[in-house]
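Me: I should like to learn how to read the main features of a protein model. May we go through them one at a time?

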Amino acid sequence: MARCSLKPEALSWDVAGSLYTTPMAGLGAIKAVQPGPGETIVISGASGGVGFTAAQLAVRAGATVLGLAGAGNFELLRKHGIEPVQYGDGEQERLRAAAGQRPVDAFIDGVGGGYLDLALALGVPRERIDTVVDYRGAQEKGVKALGTTDAGGTPALSELARLAAAGDLHIPIAAGYPLTAVQDAYRARRPPRARANRVAPAGAQLIPAVLLLSDVG
């Protein structure tokens with residue numbers, strides 16, 4: 001019971017079951033870099049499970065959010081107040097153009113694969129760069145690698161549940177699986193940039209603190 005949080009009545013089981021995976025990692029990353037009003041933050045993998053939660057929370061904090069994603073997810077990001085930027089070759093120039101005269105104050109890496117170098121190239125202070133993927137890179141470059149376990153435990157889980165139940169935090173769910181089909185859930189996982197979570201139902205009136213499967217991206 002000490003590691004559980006009551007599920008709000010308005011919150012679906014699918015969403016409740018996914019909260020301790022990528023959404024908590026997104027919250028942990030936000031706490032690591034602390035974006036605020038008037039600041040600009042870049043988030044790689046902004047349509048993925050971690051990045052999409054982090055991006056929404058950064059918008060709620062008053063920051064301008066530049067979200068690196070594929071074109072197929074631009075509409076989703078714009079709907080939630082996130083300015084989409086196409087990932088891939090030339091993304092540094094596109095980010096600078098999107099930021100305009102504003103400095104990039106913080107960076108969250110939800111993908112890995114060189115994004116810490118991009119953050120440094122954009123002039124982001126090391127103490128305001130966080131990755132939830134590239135732990136070796138974080139150690140080598142002196143940046144943060146905080147995520148799920150740094151989000152704040154049960155109180156943080158309860159806050160995410162409250163936001164989701166109120167409609168203030170959108171958690172997409174791709175599919176649900178019974179616990180007897182965990183292997184099927186793994187087999188059906190989308191590529192890393194997929195934006196929706198995959199979950200197994202909890203089957204009790206509590207949100208377990210460690211439970212389910214989710215796409216990282």
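The dialogue below moves from the overall make-up to the sheet, a helix and the cores.

Me: What does the secondary structure of the protein come to?

Reply: One begins by listing the elements. This is a predicted model, and its secondary structure comes to 9 helices and 9 strands. Of the 217 residues in the protein, 51% are buried. Among contacts between residues at least 6 apart in sequence, 62% join residues at least 24 apart.

Me: In what order do the strands form the open sheet?

Reply: A sheet is read from one edge to the other, strand by strand. Here 5 strands form an open sheet, in the order β4-β3-β2-β5-β6, with parallel pairing. The edges are held by β4 and β6 (129–131), each of which has a single partner strand, so one side of each lacks a neighbour in the sheet. From one strand to the next, the twist averages 20°.

Me: How many bridges join strand β2 to β3, and how many pair β3 with β4?

Reply: Pairing is read through bridges and bridge partners. Strand β2 (residues 40–44) runs parallel to β3 and is joined to it by 5 bridges; Val 42 has Leu 66 as its bridge partner in β3. Strand β4 (residues 83–86) pairs with β3 in the parallel sense over 4 bridges, and in β4 the bridge partner of Leu 68 is Val 85. The chain passes from β3 to β4 through helix α4 (residues 74–79), in a right-handed β-α-β crossover. A right-handed β-α-β unit is also made by β2, helix α3 (residues 49–60) and β3.

Me: Is strand β3 mostly covered or mostly uncovered?

Reply: One counts the buried residues in the strand. In β3 (residues 64–69), 5 of the 6 residues are buried, and the strand is thus mostly covered. As a general idea, in a regular strand the side chains alternate between the two faces of the sheet.

Me: How far apart are the end C-alpha atoms of α3, and what span should its 12 residues have?

Reply: A helix can be checked by its rise along the chain. At 1.5 Å a residue, the 12 residues of α3 should span 16 Å, and the end C-alpha atoms are 17 Å apart, which agrees. Burial is read next: 10 of the 12 residues of α3 are buried, among them Phe 52, Gln 56 and Leu 57. The helix α3 packs on the sheet, where it touches β2, β3 and β5, and its direction makes about 170° with that of β2. Just after α3, Gly 62 takes a positive phi of about 95°. Another helix, α5 (residues 91–99), lies across β2, β3 and β4 and runs at about 155° to β4.

Me: Which residues touch the most other members of the largest nonpolar core?

Reply: In soluble globular proteins, nonpolar side chains tend to be buried together. The largest nonpolar core here has 39 residues, of which Leu 19, Met 24, Ile 41, Ile 43 and Ile 108 touch the most other members. Elements that each supply at least two residues of this core include α1 (13–18), β5 (106–109) and α8 (153–165). The element that gives the most to this core is α2, with 7 residues.

Me: With which residues is Ile 41 in contact, leaving aside its neighbours within four places in sequence?

Reply: Contacts show which parts of the chain meet at a residue. Ile 41 is in contact with residues including Val 33, Ala 58, Leu 66 and Ile 108. There is also a second, separate core of 18 residues, which includes Val 85, Ala 98, Val 104 and Ile 129.

How values were computed:
Residues are numbered from 1 along each chain as its sequence is written. This is a predicted model: local features need pLDDT of at least 70, side-chain atom pairs count only at pLDDT 80 or more; totals for chains, interfaces and linings use all residues. Side-chain values use heavy atoms; hydrogens and water are left out. Buried means under 20% relative accessible area, exposed over 50%, partly exposed in between (1.4 Å probe, protein chains only). Two strands pair if DSSP finds at least two bridges between them. A crossover is right-handed if, with the strands pointing away from the viewer, the path from the first strand over the helix to the second runs clockwise. The expected span of a helix is 1.5 Å times one less than its number of residues. A nonpolar core is a set of buried Ala, Val, Leu, Ile, Met, Phe, Trp, Tyr and Cys residues joined through side-chain atoms within 4.5 Å. Contact means heavy atoms within 4.5 Å. Axes are lines fitted to C-alpha atoms, for helices over the stretch in contact, and angles run from 0 to 180 degrees between N-to-C directions.
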